[in-house]
Amino acid sequence: AEDFKVTPWEVSGEVDYDMLIERFGTKHVDNALLDRMSKYGELHPLLKRGIVYSHRDMDWILDRYDAGEKFYLYTGRGPSGNTHMGHLMPWIFTKYLQDTFKVPLYFQLTDDEKFLFNEKLTLDDTKNMAYENMLDVIALGFDPTLTKIIIDTNCIKTLYPIALKTAKKITFSTARAVFGFENSTNIGSIFYTSIQAAPAFMVSEIEGKNVPCLIPCGIDQDPHFRVARDIAPLLGYYKPALLHNKMFPGLQGTDKMSSSQPNSTIYTTDTPKQVRKKVMSAFTGGAVTVEDQRKNGGKPEICSVFKYLHFLFEEDDKKLEELMIKCRNGEILCGECKKSLADSMVNFIEIHQEKREKARDKVQDYLFCED
Ligand code: SF4
């Protein structure tokens with residue numbers, strides 16, 4: 001039975017990522033593709049570890065690139081609250097792609113989407129949050145000469161004509177079949193996907209010729225771009241290509257870090273004390289008693305602390321492997337392990353927060369459209 005759900009607005013249950021590939025009709029990032037990508041620069045751990053695991057047309061992007069036709073990157077964020085580690089992960093990967101291929105990035109902040117889909121948020125709330133979230137993007141060090149940040153309501157003049165052309169090709173029944181709209185009660189949400197599709201075609205519009213677009217994003221965002229890909233040829237555009245990552249797990253053992261569970265979630269604005277507290281109360285694969293764990297070992301495969309190290313906080317494959325063995329043999333206890341993760345995360349957050357504050361002076365360098 002399929003007891004999990006993955007949509008752009010909800011991820012629940014225990015996600016079977018292989019089944020998602022089948023359900024969505026995407027392709028595995030297989031060894032042949034990894035081999036090919038390794039020719040452009042050292043593979044990012046997220047690729048090597050199968051966290052960026054699925055794609056659409058990545059081979060084609062590389063074919064075009066090899067033929068001298070540079071692609072651009074497009075990704076984004078729905079600004080409904082503070083940025084957390086689950087958001088940062090795909091952006092860190094996006095930066096790796098920009099650094100490796102030296103290509104432009106358009107980063108979309110969908111203040112309109114979050115206004116439409118969240119009953120409680122005003123348009124001022126989502127716009128303010130877009131500016132806050134932007135600081136986290138800038139803090140990661142994206143090249144300012146190659147990176148432009150789109151806030152939807154600021155850039156609507158550029159986006160709207162493309163969104164209109166897109167919207168005209170998407171039937172109501174397609175939108176309903178793909179998105180469901182089970183929890184939405186307004187007509188804005190039906191139109192919204194065409195705004196999210198627009199940046200995938202925008203550079204082609206601006207340059208007056210087709211430019212390949214690569215979208216690194218969570219697999220949960222695939223439905224938007226599946227629709228965009230279906231209609232692209234009808235409008236004379238290239239289909240956008242995609243690289244999908246798995247969801248960054250929550251600290252309490254859930255499959256996706258989510259703002260609805262603050263204790264499971266590390267925000268980039270958390271204090272070091274808050275980070276430590278959350279990590280120290282994380283769900284682990286440890287046994288109930290110390291004696292039991294020493295004797296029978298822990299279960300790294302279900303442990304959120306281990307997952308964090310695997311996803312972002314231990315880049316050294318050998319060290320990760322050693323920890324797994326030590327854990328299974330009962331040679332390390334959860335307290336020690338959690339403390340070490342908390343140290344790494346606090347270190348990361350402190351450096352990030354410093355850069356985030358400095359980013360306040362750089363906002364104008366990155367904005368695609370002025371207020
Ligand atoms: Fe997880 Fe570490 Fe405990 Fe093993 S020892 S279950 S990896 S926290």
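This briefing walks through the overall build, the main sheet, two unusual backbone spots, a buried helix and the ligand shell. The model is a predicted one. Its protein chain holds 17 helices and nine strands, and it is divided into domain 1 (5-248) and domain 2 (262-357). A ligand is part of the picture too, with 14 residues surrounding it.

**Overall build**

- With 371 residues, you'd expect a compact globule to have a radius of gyration near 21 Å, and the protein chain agrees, coming in at 21 Å.
- If you're setting up a box, the C-alpha trace of the protein chain spans about 65 × 45 × 45 Å along its principal axes.
- Burial runs to 45% of the 371 residues in the protein chain.
- Take the contacts with a separation of 6 or more: 75% of them in the protein chain link residues 24 or more positions apart.

**How the two domains meet**

- The centres of domain 1 and domain 2 sit 29 Å apart, going by C-alpha atoms.
- Across the boundary, 13 residues of domain 1 are in contact with twelve residues of domain 2.
- On the domain 1 side that touches domain 2, the elements giving two or more residues are α5 (85-101) and α7 (123-139).
- By class, that side of domain 1 has eight nonpolar, three polar and two charged residues.

**The seven-stranded sheet**

- Seven strands make up an open sheet with mixed pairing, and the order is β3-β4-β9-β8-β5-β6-β7.
- β3 (27-28) and β7 (147-151) are the edge strands; each has a single partner strand, so one side of each is left without a neighbour in the sheet.
- β5 (residues 72-77) and β6 (residues 105-109) pair in the parallel sense over five bridges, and one residue pair to look up is G76 with its bridge partner Q108 in β6.
- On to β5 and β8: these run parallel and are joined by two bridges, with L73 having L214 of β8 as its bridge partner.
- β8 and β9 (residues 241-245) also run parallel, joined by five bridges, and here L214 stands opposite A241 in β9.
- How much of β8 (residues 213-218) is buried? Six of its six residues are, so the strand is largely enclosed by the rest of the structure.

**Two positive phi angles outside glycine**

- D57 isn't a glycine, yet its phi is positive at about 65°.
- You'll find D57 in the loop between β4 (52-56) and α4 (58-66).
- Is D57 buried or exposed? D57 has 20 other C-beta atoms within 10 Å, so it counts as buried; the cut-off for that is 20 or more.
- K102 is another non-glycine residue with a positive phi, this one near 55°.
- K102 lies in the loop between α5 and β6.
- With 11 other C-beta atoms within 10 Å, K102 is exposed, given that 12 or fewer is the cut-off for that label.

**Helix α14, tucked away**

- Eight of the ten residues of α14 are buried, so this helix is largely enclosed by the rest of the structure.
- The buried residues in α14 are S304, V305, F306, K307, Y308, L309, H310 and F311.
- What covers the buried residues of α14? The cover includes α5, α15 (317-328) and α16.

**Around the ligand**

- Of the 14 residues surrounding the ligand, the closest are G298, C303, C327, C334 and C337.
- α14 (304-313) and α16 (334-359) each supply at least two residues of the shell.
- Which helix gives the most to the shell? That's α16, with three residues.
- By class, the shell residues divide into nine nonpolar, four polar and one charged.
- So α16 turns up twice: it is part of the cover over the buried residues of α14, and it gives the most to the ligand shell.

Definitions and conventions
Residues numbered from 1 in each chain as written. Predicted model: local features only at pLDDT ≥ 70, side-chain atom pairs only at ≥ 80, totals over all residues. Near = placed C-beta within 6 Å. Helix = DSSP H or I, 4+ residues; strand = E, 2+ residues; numbered from the N terminus. Nonpolar A, V, L, I, M, F, W, Y, C, P; charged D, E, K, R; others polar. Rg over C-alpha atoms; globule rule 2.2 N^0.38 Å. Contact = placed C-beta atoms within 7 Å. Domains from an automatic or database assignment. Pairing = 2+ DSSP bridges.
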